[in-house]
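Subject: Structure for you to look at

Hi,

Here is the structure I promised to pass on, with my notes underneath. Have it open while you read.

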Amino acid sequence: MSLLVLGTVALDTVKTPHGERKKMLGGSATHFSMSARLFTDVHLVAVVGEDFPVKHVNFLKGKGLIVDSLIRESGKTFSWSGEYKGDLNTAFTLNTELGVLASFKPVISDRQKEIKNVFLANVDPDIQLSLLASMRKPRLIGLDSMNYWIDTKRPALLKVLNKVDIFVANDQEARSLSGEDNLIKAAKSLSCIGPKMVLVKKGEHGVFFYSDKFMLALPAYPAEDVIDPTGAGDTFAGAFMGYLSRTKVLSRQNIKLALEYGTVAASFNIEDFGTDKTHRLTLKKLDSRLGFFKKCLF
Ligand code: AMP
């Protein structure tokens, strides 16, 4: 079953102890799509500005993504710059320029409105709400956000959270939105806002999944070469949602495998800048690393 993702397609400037890249292709929807495409058809809903290179659009098309709803508006592309230090676990945002995102109203076709699996990747919660209002009867809706929106658009974020099935957050975001320090308490409290399932990403410490039926905890893939973690969370969410889009039931077993796929997909993302590694990813490579990962678990 197809998957529709709304999010940012961005120009990222990233500095890590391993180097710096200026204005490279990034954004939450881009990173999400690099792993989701391995499992299903991915419809990308986003906006870019006049400065967005045509080669990037061709690149996204070349990866098999459906870009009918990737629109170009007059103005500048959303851009983000950030820096990672030390253990590379935390991104320090240096600058966020919304550009054309500030007035973006997503428009999708009648066929896209029928898509059953939807992911509202990190973007303005008002834009997430507007996209969701045009979907007919989605079976599974996931959502990601970040501190930028928690701090500036909390009421809209709470409103959209009430309408989704899975909330994907990192530990800082879960704490900041719930006001709870303990992550289990945070997940429970977030689940009371609406999402039946809450997935908390803890960077190098793995992930924690909460639902009122069961909980799951999984360590991160033991990665040695961390070059640039930008988009690791989105890559995780892409594989997680991509795999679930192919399944009929949201059973414990299916969610467990989706978490494993997400973990392994994210491990490829961090091994190089931007999409340099994930754009070459295949399901075969993912499965092979998953096999190794499973041997590391006990
Ligand atoms: P992640 O590392 O998974 O949290 O995602 C990083 C990606 O999110 C980068 O490629 C950025 O372009 C994008 N990003 C950063 N800030 C925002 C924001 N406020 N809204 C939407 N996307 C953002």
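Bear in mind that this is a predicted model. I'll begin with helix 2, residues 54-62, where His56, Val57 and Leu60 are buried. Looking down the axis of helix 2, you'll find its buried residues within an arc of 100°, so they line one face of the helix. Over on the other side of helix 2, Val54, Lys55 and Gly62 are exposed.

What do the buried residues of helix 2 pack against? There are several partners: strand 2 (10-16), strand 3 (19-26), strand 4 (42-48), strand 5 (66-72) and also helix 1 (28-36). Have a look just past the end of helix 2 as well, where Gly64 has a positive phi of about 90°.

Next, the aromatics. How many aromatic pairs does the structure hold? The count comes to nine. One to pull up is Phe39 with Tyr243: the ring centres are 6.2 Å apart and the planes stand at 80°, so this pair is edge-to-face. Phe39 sits in the loop between helix 1 and strand 4, while Tyr243 belongs to helix 9 (residues 232-245), so the pair ties together parts that are 204 residues apart in sequence. Are these two buried or exposed? Phe39 is buried, because its relative accessible area is 6%, under the 20% limit. Tyr243 counts as buried too, at 13% relative accessibility.

Phe39 also pairs with Tyr261. Here the ring centres are 5.0 Å apart and the planes are at 75°, so this is again an edge-to-face pair. Tyr261 is in helix 10 (residues 252-269) and Phe39 in that loop between helix 1 and strand 4, so this pair ties together parts 222 residues apart in sequence. Both Phe39 and Tyr261 are buried. Put Phe39, Tyr243 and Tyr261 on screen together and you have one aromatic cluster.

While you have rings displayed, there are two charges to check. The charged end of Arg289 sits over the ring of Phe268, 3.7 Å from its centre. Lys85 has its charged end over the ring of Phe92, and there the distance to the ring centre is 5.8 Å.

On to the ligand. Which of the 19 residues around the ligand come nearest? They are Asp12, Gly27, Asn122, Gly231 and Asp234. For Gly27, a backbone N or O atom lies 2.7 Å from an oxygen atom of the ligand. Asp234 uses its side chain, with a polar atom 2.8 Å from a ligand oxygen. Trp149 is worth displaying here too: an N or O atom in its side chain is 2.9 Å from a nitrogen atom of the ligand.

Trp149 leads on to Arg154. Once neighbours within four places in sequence are left aside, Arg154 is in contact with Trp149, Ser176 and Leu177. You'll find Arg154 in helix 6 (residues 154-161). How exposed is Arg154? It is partly exposed, with a relative accessible area of 32%, because that value falls between the 20% limit for buried and the 50% limit for exposed. Finally, measure from Arg154 to Pro125, C-alpha to C-alpha: they are 29 residues apart in sequence and 8.5 Å apart in space.

That's everything from me. Shout if anything is unclear.

Cheers

Definitions and conventions:
Residues numbered from 1 in each chain as written. Predicted model: local features only at pLDDT ≥ 70, side-chain atom pairs only at ≥ 80, totals over all residues. Heavy atoms only, no water. Buried < 20%, exposed > 50% of the residue type's maximum accessible area, 1.4 Å probe, protein only. Helix = DSSP H or I, 4+ residues; strand = E, 2+ residues; numbered from the N terminus. Arc of directions from axis to C-beta. Contact = heavy atoms within 4.5 Å. Phe/Tyr/Trp six-rings, centres within 6.5 Å; stacked < 30°, edge-to-face > 60°. Lys NZ or Arg CZ within 6 Å of the ring centre and 35° of its normal. Near = heavy atom within 4 Å. Polar contact = N/O pair within 3.5 Å; in protein donor to acceptor, adjacent residues only side chain to side chain.
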